[in-house]
Amino acid sequence: MQVIDGLHRLKAARVRGDTKILARFVDGTESDAFVMAVEANIRHGLPLSLADRKRAAVQIIGTHPQWSDRRVASVTGISAGTVADLRRRGGEGGNEARIGRDGRIRPVDGSEGRRLAAELIRSDPGLSLRQVAKKVGISPETVRDVRGRLERGESPTPDGSRRLQAKPQPLRWTEPDFGRIVDRDRLAVLERLKADPALRLTETGRILLRMFAMHSIDGQEWGRVLHGVPPHLCSVVAGFARDHARVWAEFADRLENRASDLAAG
């Protein structure tokens, strides 16, 4: 009978003289209730400060060591890299495998999964991201990264994998190179898409083109937008941006799956 989220609403109801209030009951441990409270407080009302979110992440790492860095990050509103750094500082190495946001269990060291994904991509380049991910047991985003590395002639495993990062180097702040986000080749592709009647003359096609154009501003404009976000909204906007990035990634995966299904049919 402990209030997880809504203490102010409950107090306001009492001040009004209400004898009843709509509530949702949840069953779980005290540590699960803490997780729910943190997650609720980063998504509405006054967001928790960065220090509060880091302290919450440290507590969740202690009570849920089997959770992946990304899963803890999604609950606390900080980056997965920050969670990994907090885990290292606390001397928490974690298990050989962790539970991700989707509930799936994945190994902490994903080098073997990346190697198998690279072999599959080389042997059958027509496989979609989800097909490779399902066969190997890794995420579609990891498969996307492996495919990109192979296309650039790089190793499927990033240099300095987690197994080799016993002594992490201190992070150095550098101004982000937003110029890489929109290059000339991509802008040329966008111009060809704008000229294609299949997109230009349909309502859904025009919506898609407007969405692409909105994200195709140059590096200087990206930097201006970055520095224009008020400090107290940085974490909220960052979370919103990550949510949209996940939507676009899912959209890309479904397009690739649709293309594969049409080719197979």
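These legends accompany close-up views of one predicted model.

**View 1. The whole chain, with its helices and strands.**
The chain has 265 residues, and 24% of them count as buried. Its secondary structure comes to 13 helices and two strands. Take the contacts between residues at least 6 apart in sequence: 55% of them join residues at least 24 apart.

**View 2. Confidence along the chain.**
The mean pLDDT of the chain is 77. A value of 70 or more is reached by 78% of the residues. Where does confidence peak, and where is it lowest? Helix α1, residues 7–16, has the highest mean, at 90. Strand β1, residues 97–99, has the lowest, at 54. One further stretch needs care: over residues 160–175 the pLDDT is below 50. Beyond near neighbours in sequence, that stretch has nine contacts in the model. Where pLDDT is low, the predicted coordinates should not be read in detail.

**View 3. Val3 and Asp5, in the segment before α1.**
Val3 sits in the segment that precedes α1. Is Val3 buried, exposed or partly exposed? Its relative accessibility is 34%, so Val3 counts as partly exposed. The C-alpha atom of Val3 is 9.3 Å from that of Phe25, and the two residues are 22 apart along the chain. Asp5 belongs to the segment before α1 as well. Asp5 has a relative accessibility of 31%, so it too counts as partly exposed. Its partner in this view is Ala40, 35 residues away along the chain. The C-alpha atoms of Asp5 and Ala40 are separated by 6.8 Å.

**View 4. Leu127, in the loop between α6 and α7.**
Helix α6 covers residues 111–123, and α7 covers residues 129–136. Leu127 lies in the loop between these two helices. Why does Leu127 count as buried? Its relative accessible area is 13%, and the cut-off for buried is under 20%. Which residues does Leu127 touch, leaving out those up to four places away in sequence? They are Leu120, Val132 and Arg147. Glu256 is 129 residues from Leu127 along the chain, yet their C-alpha atoms are separated by 9.0 Å.

**View 5. The two sides of helix α7.**
Which residues of α7 are buried? They are Leu129, Val132, Ala133 and Val136. Seen down the helix axis, these buried residues fall within an arc of 100°, so they line one face of α7. Turn to the other side of the helix: there, Lys134 and Lys135 are exposed. Gly137 comes just after α7 and takes a positive phi of about 90°.

**View 6. Helix α7 packed against helix α8.**
Helix α8 is made of residues 140–151. The axes of α7 and α8 are 8 Å apart, and the helices pack at an angle of about 110°. How are the two helices oriented to each other? Angles of 65 to 115 degrees count as roughly perpendicular, so α7 and α8 are roughly perpendicular to each other. On the α7 side, the contact is made by Leu129, Arg130, Val132 and Ala133. On the α8 side, Pro140, Val143, Arg144 and Arg147 take part. By class, this contact has five nonpolar and three charged residues, and no polar ones.

**View 7. Arg147, a charged residue of α8.**
Arg147 is placed in helix α8. Arginine counts as charged. Is Arg147 buried or exposed? Its relative accessibility is 16%, so Arg147 counts as buried. Which residues does Arg147 touch, again leaving out those up to four places away in sequence? The list is Ile121, Pro125, Leu127, Ser128, Leu129 and Glu256. Two of these names link back to earlier views. Leu127 is the buried loop residue of View 4, and Leu129 is one of the buried residues of α7 in View 5.

Terms used:
Residues numbered from 1 in each chain as written. Predicted model: local features only at pLDDT ≥ 70, side-chain atom pairs only at ≥ 80, totals over all residues. Heavy atoms only, no water. Helix = DSSP H or I, 4+ residues; strand = E, 2+ residues; numbered from the N terminus. Buried < 20%, exposed > 50% of the residue type's maximum accessible area, 1.4 Å probe, protein only. Contact = heavy atoms within 4.5 Å. Axes fitted to C-alpha atoms, helices over the stretch in contact; angles between N-to-C directions. Parallel < 35°, antiparallel > 145°, perpendicular 65-115°, else oblique. pLDDT = per-residue confidence, 0-100. Arc of directions from axis to C-beta.
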